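Morning, everyone. Let me put the model up and walk you through it.

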Amino acid sequence: MIKTRPFSSMATTTRSPSHAQDHILAERKRREKLSQRFIALSSIVPGLKKMDKASVLGDAIKYVKHLQEKIKQLEEQTKKRTVESVVLVKRYHLPAADDDDDHSNSSSNDDADDDTRRRSLPEIEARASERDVMIRIHCEKQPGVLAKVLSEVESLRLSIVNSSVLPFGNSTLDITIVAQMDGEFSMKVIELVKNLRLAFLKFM
């Protein structure tokens with residue numbers, strides 16, 4: 001004997017008209033969103049020849065890979081430039097011109113005279129990064145010293161971008177100069193500092 005379930009307990013597979021209509025509307029909205037996003041994607045991918053979805057996706061993938069490769073190249077260039085800057089950005093503090101390794105054999109009076117000369121000479125620091133140069137000079141306060149320094153810097157094939165002077169104590173100045181190398185500038189940083197030191201020896 002075969003038993004059958006009551007008709008009321010059987011699961012119905014048919015949908016009500018309102019539910020089917022909601023499903024159709026939801027599917028339509030989903031397709032509209034996809035279409036809008038494909039249009040937006042096609043607008044940012046250069047050189048599209050076909051506008052069908054498969055072509056847009058394929059070209060978008062190629063474009064993203066191209067951008068990733070470009071980013072990798074730029075990162076490598078940035079790392080290389082940073083290393084070069086570190087090599088070029090060095091400080092050079094030069095002692096007095098008459099300092100040498102034999103000063104230990106001189107008398108205590110000579111040592112005192114050397115210390116006095118070193119204190120009277122300016123402390124010059126120069127940094128270079130590619131075509132940019134920053135010069136810092138710590139020197140005694142004298143009338144017209146800034147004009148003389150700027151004139152000397154310009155004579156060395158450097159174009160002054162900015163300069164500032166700050167008093168340090170009652171008798172010294174701290175001069176900072178930012179400049180750019182001219183096309184004919186071929187001097188090393190150590191040579192730049194030496195030339196500035198020699199110029200100070202002339203007008204101080």
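Start with contacts in the chain between residues at least 6 apart in sequence: what share of them join residues at least 24 apart? The figure is 60%. Keep in mind that this is a predicted model.

Now the layout. The chain has five helices and four strands. Read from the N terminus, the order is α-α-α-β-β-α-β-β-α. There are 204 residues, and 21% of them are buried. The chain exposes about 15500 Å². Carbon and sulfur atoms supply 55% of that area.

Next, the strands. Strand 1 covers residues 123-129, and strand 2 covers residues 132-140. They pair in the antiparallel sense, over seven bridges. To find the register, look at Glu123, which stands opposite His138 in strand 2. The two strands make a hairpin, with two residues between them. Check Glu130 in that turn: its phi is positive, about 55 degrees.

Strand 2 has another partner, strand 4, at residues 172-181. This pairing is antiparallel as well, over nine bridges. Here the register marker is Arg136 in the one strand, with Thr176 in strand 4 as its bridge partner.

On to the cores. Which residues have the most contacts inside the largest nonpolar core? They are Ile135, Ile137, Val149, Leu158 and Leu192. That core has 24 residues. Strand 1, strand 2, helix 4 (145-155), strand 4 and helix 5 (189-203) each supply at least two of them.

Take Ile135 as a case. Leave out residues up to four places away in sequence. Ile135 then touches Ile124, Glu125 and Ala126, among others. Its list also includes Val153 and Leu158. Ile175, Thr176 and Ile177 are on it too. So are Leu192 and Leu196.

Apart from the largest core lies another one, of five residues. Phe38, Leu48, Val56 and Ala60 are among them.

Last topic: charges. How many salt bridges does a search of the whole structure find? Four. I'll go through three of the pairs.

Glu27 pairs with Arg30, and the closest N and O atoms are 2.6 Å apart. Glu27 also pairs with Arg31, at 3.3 Å between the closest N and O atoms. Why can Glu27 reach along the helix to Arg30? Both sit in helix 1, residues 17-44, three residues apart, so about one helical turn separates them. For Arg31 the spacing is four residues in helix 1, so again the separation is about one helical turn.

How covered are these side chains? Glu27 is partly exposed, with a relative accessible area of 25%. Arg30 is partly exposed too, at 43%. Arg31 has 54% relative accessibility, so it counts as exposed, the cut-off being over 50%.

The next pair is Arg127 with Glu125, a salt bridge at 3.2 Å, N to O. Is Glu125 buried or exposed? Buried, because its 9% relative accessibility falls under the 20% cut-off. Arg127 is partly exposed, with a relative accessible area of 27%. Back on the helix, shared partners join Glu27, Arg30 and Arg31 into one salt-bridge network.

One residue links two of these topics. Glu125 bonds to Arg127 in a salt bridge, and Glu125 is also on the list of residues that Ile135 touches. Ile135, in turn, is one of the residues with the most contacts inside the largest nonpolar core.

That's my tour. Over to you.

Definitions and conventions. Residues numbered from 1 in each chain as written. Predicted model: local features only at pLDDT ≥ 70, side-chain atom pairs only at ≥ 80, totals over all residues. Heavy atoms only, no water. Salt bridge = Lys/Arg side-chain N within 4 Å of Asp/Glu carboxyl O. Buried < 20%, exposed > 50% of the residue type's maximum accessible area, 1.4 Å probe, protein only. Contact = heavy atoms within 4.5 Å. Areas by Shrake-Rupley, 256 points an atom, 1.4 Å probe, with all protein chains shown as cover. Pairing = 2+ DSSP bridges. Core = buried A, V, L, I, M, F, W, Y, C linked by side-chain atoms within 4.5 Å.
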